[in-house]
Structures are given as structure tokens and as C-alpha cells.
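Please look at the model below and ask, for each label attached to it, what justifies that label.

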Amino acid sequence: MGGRAWRAKSFALFVAVIAVISGLARAYISVAIARARPAAEALSAGLMRKVRGPQKKAQTKKRITIRLSRDVLERFRAAGPGWQGRIDKALRKASERNPRLMHA
């Protein structure tokens, strides 16, 4: 058998195998879809997690861009998570102590 004839037969066999596999896959998928149940039925209550819905109350903070001195930022970040809230608290405290800061 020549090289081309052998390759053509091999390719034809390959195509036939792929056709059979894809047919089996389609049959399996259609059976799986027919047997599918809602997640609430199929999973235990422990696995069903409530998904948080949209926020109902108005946002209390606004996203902004601010430039801070590198050393100030490093000190707040060094204290760990929550550094942005600590900066907010420090600014609030400073503005309450000195209202003139708000009109500078």
C-alpha cells in the first residue's frame, strides 16, 4: 500500500471515529439534559448559598483619586488591611477638629 493511500484510509478511519464519538457525546448530553434537576433539588441546603442581591441603601462613600505623600501612605498600609478606612477616619477626625480645613 502506497503512502498516500495509507494516509487517505487512516484519515477516513479518523473521521469515522470522530463521527461516532461526537454522536455518542450528543446522545449523552441530551440524556443528561433530560435528567437535569434544579440546583435547589439536586444540592443539599448546606451547598446552596444565598447570593447577595443588589444593595438597597444608598452608598455612603464615594470613590475618588487622591495624591498622598509616600511616607504617609506607607504608614497606613503597614498597619494592615483597612488602611483606606483608617485614612477616611483620620480625615474625618481632622475636619471635625478644625472646620477651617474644609474651606481652605
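The questions and answers that follow set computed values against the definitions behind the terms.

Q: How do you know which parts of the model may be used for statements about local features?
A: This is a predicted model, in which local features need pLDDT of at least 70 and side-chain atom pairs count only at pLDDT 80 or more, while totals for chains, interfaces and linings use all residues. Residues are numbered from 1 along each chain as its sequence is written, and side-chain values use heavy atoms, with hydrogens and water left out.

Q: What makes the pattern of the protein α-α-α-α?
A: Helices (H or I, at least four residues) and strands (E, at least two) are DSSP runs, numbered from the N terminus. The protein has 4 helices and 0 strands, and reading along the sequence therefore gives α-α-α-α.

Q: Why is the contact of Asp 88 with Lys 61 called a salt bridge?
A: The term requires a side-chain nitrogen of Lys or Arg within 4 Å of a carboxyl oxygen of Asp or Glu. The closest N and O atoms of Asp 88 and Lys 61 are 3.8 Å apart, so the pair qualifies. Asp 88 lies in helix H4 (residues 83-97) and Lys 61 in the loop between helix H2 (39-42) and helix H3 (70-78), so the pair ties together parts that are 27 residues apart in sequence.

Q: What makes Lys 61, Asp 88 and Arg 92 one network?
A: Asp 88 also forms a salt bridge with Arg 92, where the closest N and O atoms are 3.9 Å apart, and these two residues, being 4 residues apart in helix H4, are separated by about one helical turn. Salt bridges that share partners thus join Lys 61, Asp 88 and Arg 92.

Q: Which partner does Asp 71 have in a salt bridge, and how far apart are the closest N and O atoms?
A: The partner is Arg 75, at 3.1 Å; with their positions 4 residues apart in helix H3, the separation is about one helical turn. The structure holds 3 salt bridges.

Q: How do you know whether Lys 61 and Asp 88 are buried, partly exposed or exposed?
A: Buried means under 20% relative accessible area, exposed over 50%, and partly exposed in between (1.4 Å probe, protein chains only). Lys 61, with 55%, is exposed, whereas Asp 88, with 29%, is partly exposed. Arg 75 is exposed at 58%, while Asp 71 at 43% and Arg 92 at 48% are partly exposed. Of the 104 residues of the protein, 3% count as buried.

Q: What makes the group that includes Phe 11 and Leu 13 a nonpolar surface patch?
A: Patch residues have over 30% relative accessible area and no salt bridge, and nonpolar side chains (Val, Leu, Ile, Met, Phe, Trp, Tyr) are joined within 5 Å, like charges within 9 Å. Phe 11, in helix H1 (residues 3-35), has a relative accessible area of 53%, so Phe 11 passes the area condition. Phe 11, Leu 13, Phe 14, Val 15, Val 17, Ile 18 and Ile 21 make a patch of about 680 Å².

Q: Which residues lie closest to the centre of the largest pocket?
A: Of its 17 lining residues, Lys 62, Ile 64, Ile 66, Gln 84 and Ile 87 are the closest to the centre. H4 gives the most to the lining, with 7 residues.

Definitions and conventions: Accessible areas come from the Shrake-Rupley method with a 1.4 Å probe; for residues, only the protein chains shown count as cover. On a 1 Å grid over the protein atoms alone, a cavity is a set of points where a 1.4 Å probe fits but cannot get out, and a pocket is an open set with protein on both sides within 12 Å along at least five of seven lines; lining residues have an atom within 4 Å of a point.
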